[in-house]
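Colleague: I have a protein chain open here and would like to go through it with you. Can we start with the fold?

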Amino acid sequence: MIRIDASSTTVLLTEAPAPKVRDRKTGEIAKGAVSGEALMTVLAKGSGCGGHA
């Protein structure tokens with residue numbers, strides 16, 4: 001048996017970036033106020049031990 005201290009372990013899972021939707025009813029994509037480029041959303045899910053989220 002090998003003991004491992006995982007008290008400070010953090011796991012982060014991300015999904016591929018997707019265009020940010022401004023209005024779900026119309027499907028309008030959100031755009032940056034200055035650049036006018038489409039904004040992207042990145043979803044990240046993490047879990048950790050020792051009080052970190």
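Modeller: The protein chain has zero helices and six strands. Keep in mind that this is a predicted model.

Colleague: What pattern does the chain follow along the sequence?

Modeller: It reads β-β-β-β-β-β.

Colleague: How much of the chain is buried?

Modeller: Of its 53 residues, 4% count as buried. The chain exposes about 5,000 Å², and carbon and sulfur atoms supply 56% of that area.

Colleague: And what share of the contacts with a separation of 6 or more comes from residues 24 or more positions apart?

Modeller: Those residues account for 47% of such contacts in the protein chain.

Colleague: Let's pick one residue. Where does glutamate 28 lie?

Modeller: Glutamate 28 is in strand β4, which covers residues 28-29.

Colleague: Why does glutamate 28 count as partly exposed?

Modeller: Because its relative accessibility is 38%, and partly exposed covers values between 20% and 50%.

Colleague: Which residues does glutamate 28 touch, leaving out those up to four places away in sequence?

Modeller: Glutamate 28 touches Lys20, Val21, Arg22 and Asp23.

Colleague: Changing topic: what is the average pLDDT of the chain?

Modeller: The average is 81, and 81% of the residues score at least 70.

Colleague: Which elements have the lowest and the highest mean pLDDT?

Modeller: Strand β6, residues 44-48, has the lowest at 60, and β4 has the highest at 95. Over residues 49-53 the pLDDT is below 50. Beyond near neighbours in sequence, that stretch has four contacts in the model.

Colleague: How should I read the coordinates where pLDDT is low?

Modeller: Not in detail.

Note on methods: Residues are numbered from 1 along each chain as its sequence is written. This is a predicted model: local features need pLDDT of at least 70, side-chain atom pairs count only at pLDDT 80 or more; totals for chains, interfaces and linings use all residues. Side-chain values use heavy atoms; hydrogens and water are left out. Helices (H or I, at least four residues) and strands (E, at least two) are DSSP runs, numbered from the N terminus. Buried means under 20% relative accessible area, exposed over 50%, partly exposed in between (1.4 Å probe, protein chains only). Contact means heavy atoms within 4.5 Å. Accessible areas come from the Shrake-Rupley method with a 1.4 Å probe; for residues, only the protein chains shown count as cover. pLDDT is the predictor's confidence in each residue, from 0 to 100.
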